[in-house]
Amino acid sequence: VRAKGSLKTSSSPTRKPRIEEGSKVEANYRGKGKYFPGRIKRDRGDGTFDIDYNDGEQEMRVPEDMIRLVDLDPNAMSLVLYEGSKTVSAFEVGAEIEADFK
């Protein structure tokens, strides 16, 4: 998925939200390269997290670099995905996008 055209950017500085218990995420299930939605069940305190996936599956001790934090900012009405310390994608509600659906 990619944005068509340019996205509006905020002039105010943004900080990357922390992954914490209850956070909505997408995680690389079993490290096989496919990301699935879920929530953080437990922060192990060692850089790994337990995840309850939306489909009922669970996974323990998932490293942070295999987790994308999904942050819906209600004020900006935008969706931002974080992978590790970098922003992977950001879309505003109503933005025109292109997707390669398989």
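The side chains of Arg44 and Asp50 are joined by a salt bridge, with N and O 2.8 Å apart. The model in which this pair appears is predicted. Asp50 is located in strand E4. Its relative accessibility is 6%, so Asp50 counts as buried, the cut-off being under 20%. Beyond its neighbours up to four places away in sequence, Asp50 touches Arg39, Ile40, Lys41, Arg42, Arg44, Glu59, Met60 and Arg61. The salt-bridge partner Arg44 is thus one of the residues in this contact list.

A salt bridge also links Arg61 and Asp46, at 3.1 Å from N to O. Arg61 belongs to strand E5, which spans residues 58–63. Asp46 sits in the loop between strand E3 (35–43) and strand E4 (48–53). The pair therefore ties together parts that are 15 residues apart in sequence. Both partners are partly exposed: Arg61 has a relative accessibility of 44%, and Asp46 has a relative accessible area of 47%. The backbone of Arg61 is notable too. Arg61 is not a glycine, yet its phi is positive, at about 55°.

Asp46 has a further polar partner. Its side chain makes a polar contact of 2.5 Å with the side chain of Thr48. Thr48 lies in strand E4. Thr48 is buried, with a relative accessible area of 13%, whereas Asp46 is partly exposed. Leaving aside residues up to four places away in sequence, Thr48 touches Arg42, Asp43, Arg61, Val62 and Pro63. Arg61 therefore appears in the contact lists of Thr48 and Asp50 alike, since contact means heavy atoms within 4.5 Å.

Another salt bridge connects Arg68 and Glu26, whose closest N and O atoms are 3.6 Å apart. Arg68 is in strand E6 (residues 67–73) and Glu26 is in strand E2 (residues 24–28), so this pair ties together parts that are 42 residues apart in sequence. Glu26 is partly exposed, with a relative accessible area of 22%. In total, the model holds four salt bridges.

Strand pairing was examined next. Strands E4 and E5 run antiparallel and pair over four bridges. Within this pairing, Phe49 stands opposite Val62 of E5. The two strands form a hairpin, with four residues between E4 and E5. Gly56 lies in the turn and has a positive phi of about 100°. A positive phi is also found at Arg30, about 55°, although Arg30 is not a glycine. Arg30 is placed in the loop between E2 and E3. Its relative accessibility of 44% makes Arg30 partly exposed.

In soluble globular proteins, nonpolar side chains tend to be buried together. Here, the largest nonpolar core has 11 residues: Ile19, Val25, Ala27, Ile40, Phe49, Ile51, Tyr53, Val62, Met66, Ile67 and Leu69. Strands E2, E4 and E6 each contribute at least two residues to this core. E4 gives the largest share, three residues. Phe49 and Val62, which stand opposite each other in the E4 and E5 pairing, are both members of the core.

Side chains in a regular strand alternate between the two faces of the sheet. In E4, the core includes Phe49, Ile51 and Tyr53, while Thr48 and Asp50 are residues of that strand with the polar partners described above.

Val25, a core member, has a broad set of contacts. Not counting residues up to four places away in sequence, Val25 touches Phe36, Pro37, Gly38, Arg39, Ile40, Ile51, Ile67, Arg68, Leu69 and Val70. Among them, Ile40, Ile51, Ile67 and Leu69 also belong to the core. Arg68, the salt-bridge partner of Glu26, is touched by Val25 as well.

The overall fold consists of strands. The protein has nine strands and zero helices. Along the sequence, the pattern reads β-β-β-β-β-β-β-β-β. Of the 102 residues in the protein, 25% are buried. Among contacts with a separation of 6 or more, 38% join residues 24 or more positions apart. The exposed area is about 7400 Å², of which carbon and sulfur atoms supply 48%.

Terms used. Residues are numbered from 1 along each chain as its sequence is written. This is a predicted model: local features need pLDDT of at least 70, side-chain atom pairs count only at pLDDT 80 or more; totals for chains, interfaces and linings use all residues. Side-chain values use heavy atoms; hydrogens and water are left out. Buried means under 20% relative accessible area, exposed over 50%, partly exposed in between (1.4 Å probe, protein chains only). Two strands pair if DSSP finds at least two bridges between them. A nonpolar core is a set of buried Ala, Val, Leu, Ile, Met, Phe, Trp, Tyr and Cys residues joined through side-chain atoms within 4.5 Å. Accessible areas come from the Shrake-Rupley method with a 1.4 Å probe; for residues, only the protein chains shown count as cover. A polar contact is a pair of N or O atoms within 3.5 Å; within protein, one must be able to donate a hydrogen and the other to accept it, and residues adjacent in sequence count only if both atoms are side-chain atoms.
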